[in-house]
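Got your viewer open? Let's take a short walk through this one, a stop at a time.

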Amino acid sequence: MLGAARRQLGSGPMLGQVLRRLRPAAAAARGYSAAVKEMNVRDALNSALDEEMSADPSVFLMGEEVGEYQGAYKISKGLLDKYGPDRVLDTPITEAGFTGIGVGAAYHGLRPIVEFMTFNFSMQAIDHIINSAAKSNYMSAGQISVPIVFRGPNGAAAGVGAQHSQCYAAWYAHVPGLKVLTPYSAEDARGLLKAAIRDPDPVIFLENELLYGESFPVSAEVLDSSFCVPIGKAKIEREGKDVTITAYSKMVGYALQAAEVLSKEGISAEVINLRSIRPLDRDAINASVRKTNRLVTVEEGFPQHGIGAEICMSVVEESFEYLDAPVERIAGADVPMPYAANLERMAVPQVDDIVRAAKRACYRAVPVAATA
Amino acid sequence: MAAASFTAAKFLAPVAARSGGERAPPLPAGASSSSFARTLRRGGAHHPRLRTALAVSSDVLAGNKAAHAAASNPAVTREEALELYEDMVLGRVFEDMCAQMYYRGKMFGFVHLYNGQEAVSTGFIKLLNQADCVVSTYRDHVHALSKGVPPRSVMAELFGKATGCCRGQGGSMHMFSAPHNLLGGFAFIGEGIPVATGAAFAAKYRHEVLKESGPDGLDVTVAFFGDGTCNNGQFFECLNMAQLWKLPIVFVVENNLWAIGMSHLRATSDPEIWKKGPAFGMPGVHVDGMDVLKVREVAKEAIERARRGEGPTLVECETYRFRGHSLADPDELRKPDEKSHYAARDSITALKKYIIEENLATESELKSIEKKIDDIVEEAVEFADASPHPPRSQLLENVFADPKGFGIGPDGKYRCEDPKFTQGTAQV
């Protein structure tokens, strides 16, 4: 209980602060045309869980505080009442143990959804994610598939220091046998989570706690219970012709804001929401770069061996002769996350960083002081 | 023990009320006949049967001598005895052949042999049904054989051939067989325990949520692991959750006294591992792992208990490996007198003696079993040797259950649709 209380102290009050700190959503920058309703990411995830649990009795949710507490971030709100304690399973604080139990249940015919209170805690269970989940279908020559979803908030949070604030996209994207999804909007969250739960393979589903409370327009199609977003397909969030900006999760919002700033300066940026980090939609990225001839990659994680490096390599392999400028990479600083708010801000990409990188790629003059 | 049973009763009562037992189909009658269960339910501080159930018969650990008399050999029928004998001889002969084949370069990597521990695999697994699960470690060949995976499939897997039980993609430490519900050999210490606990969770879920259990009760999972694993956190995490949720699992410690070169007595604060069961509210049993009939007696009760939905049992089998940790282990730390002590207690020799003394079979009948096993293992080697290597096309198969997991290539098509993909030559 001490452990649970400690973590609640870490996450509970923080959530409120985070929501207050969020900037008003830059809804104008998003190219939704047929929006009929708004939905926040939390409700999108909750409704996806609810619908998939309702559709398939072999789907169950397990993790710390998912039941009686209604989820540390309230993603599983109401599910315990609806599906009961057999299907919404509060676990002790034992990541290695309960993650392995989820994997074993998936081996043996169920479709577990394992919630990590945050993905930082998945480090305690990474052996089961990689060795037990990702490799078993291969080692067993297809006899033992592992239909499981590992989900929870990922990436830089706010004011929680180095151990609770980092992006795991590149870590898990390195591993054959895993799929790694990074929703940005409510549409992404709903469609990708439903696809992940129905998928026959292990899926890492990286949410972002700073997006949970953010609302997005959703169409009637998105709200339909059959709605699914295909795994492995990126989405062009904003069309443009001068420079391609790739981003995922929260950084998609920043990239859209940057595109808005750039448009005022006469630069037309195309923003690609990757949605799926593994498999990566190389087709969409390369098609865009062949059009714009310039590329800026944006990620929150550490730069070395990161998502930007992989995207850059794909473009070098497939579209090298189309590039008119060196590829620009915007990533988190190559340091553990500092606690102090000013340092923390410097350690994660900001909209201005993206704007400057896009200008560099377009050979627009950038003030020397701003290039640091 | 009084404290242990009190603890169990105290924590079991609310869990039992919450676990939905009333909604689930009834399990076979006879639940209350279990001495474990009775003790746990009553919370009886001085229940005499619990002491009986904890059939302690260590001859290494001091202080347990008094309990020796408690375990008496149970009767087995002729058919049962011969089945046990055949399975144990198969395990021994198969592993001896593996050593030969390893030294001849037919198999490679790490090969961990089971010699000496046969009574544990046979004593437990021969009591399981096809639908019951086995989760093993890197020392998994014999568990696979006991569970019914054909020797030729295991041997071919070890040879890295396409006819192996995992088509050569698993190897010595990763035996899987879905039809036999062999859910894997796991190469890391402690890794198999949560997976096994998850399989047991799935069995309970199928019973209580999906209402799919068979008429005999819950499918049972048996998790095998060693003494070294019992110092790993995942062991404790899963004892807790298995008992908390009353999962149909038996945790079987094959205590062979050595974790590679680390003596159990030098690694563990309290070397009596079985005591950790009562600490979590489940029965903990110590049994002579060199006596297949004693193992079988304990196994029967633990498996039936799990099948009835009464939860897990921790069984510590005191056993010994007759070879090094792996075929690459020089085995320099174990003392010759310790080795000869256990060699003299060879479980196969002991069973043979028992069978003849009890007039269950003649020596020549046992000889003909040995001959039959020799032929089976010879045939397995010939089969494995003659089998083809995995084709290149296998390289990219089975990474995902859905090969679209390889994603979309720069040409806009799923990479798995590339003809080179099925040839195994595509860049992925």
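Here comes a tour of two sheets and a helix. Keep in mind as you click that this is a predicted model.

**Stop one: the five-stranded sheet**

Color strands S9, S11, S10, S13 and S14 of chain A, and you'll have an open sheet of five strands, in just that order, with mixed pairing. Now pick out residues 235-238 and 328-330: these are S9 and S14 of chain A, the edge strands, each pairing on one side only. Look along the sheet, and you can check the turn between neighbouring strands, which is 25 degrees on average, ignoring direction.

Next, zoom in on residues 243-247 and 269-273 of chain A. These are S10 and S11, which run parallel and are joined by five bridges. Want one pair to click on? Select A:Ile245, and its bridge partner in S11(A) is A:Val271.

**Stop two: a helix across the sheet**

Select residues 351-361 of chain A to bring up helix H14. What does H14 lie across? Its neighbours here are S10, S13 (295-298) and S14 of chain A, and the helix runs at about 175 degrees to S14(A).

**Stop three: the seven-stranded sheet**

Switch to strands S3, S2, S4, S5, S7, S6 and S12 of chain A: in that order they form another open sheet, again mixed in its pairing. S3 (88-90) and S12 (276-278) of chain A stand at the edges with a single partner strand each, so one side of each has no neighbour in the sheet. From one strand to the next, the twist averages 20 degrees.

Finish at residues 59-63 of chain A, strand S2, which runs parallel to S3(A) and is joined to it by three bridges. Click A:Met62, and opposite, in S3(A), you'll find A:Leu89.

Definitions and conventions. Residues are numbered from 1 along each chain as its sequence is written. Chains are lettered from A and ligands numbered from 1 in the order in which they are written. This is a predicted model: local features need pLDDT of at least 70, side-chain atom pairs count only at pLDDT 80 or more; totals for chains, interfaces and linings use all residues. Side-chain values use heavy atoms; hydrogens and water are left out. Two strands pair if DSSP finds at least two bridges between them. Helices (H or I, at least four residues) and strands (E, at least two) are DSSP runs, numbered from the N terminus. Axes are lines fitted to C-alpha atoms, for helices over the stretch in contact, and angles run from 0 to 180 degrees between N-to-C directions. Contact means heavy atoms within 4.5 Å.
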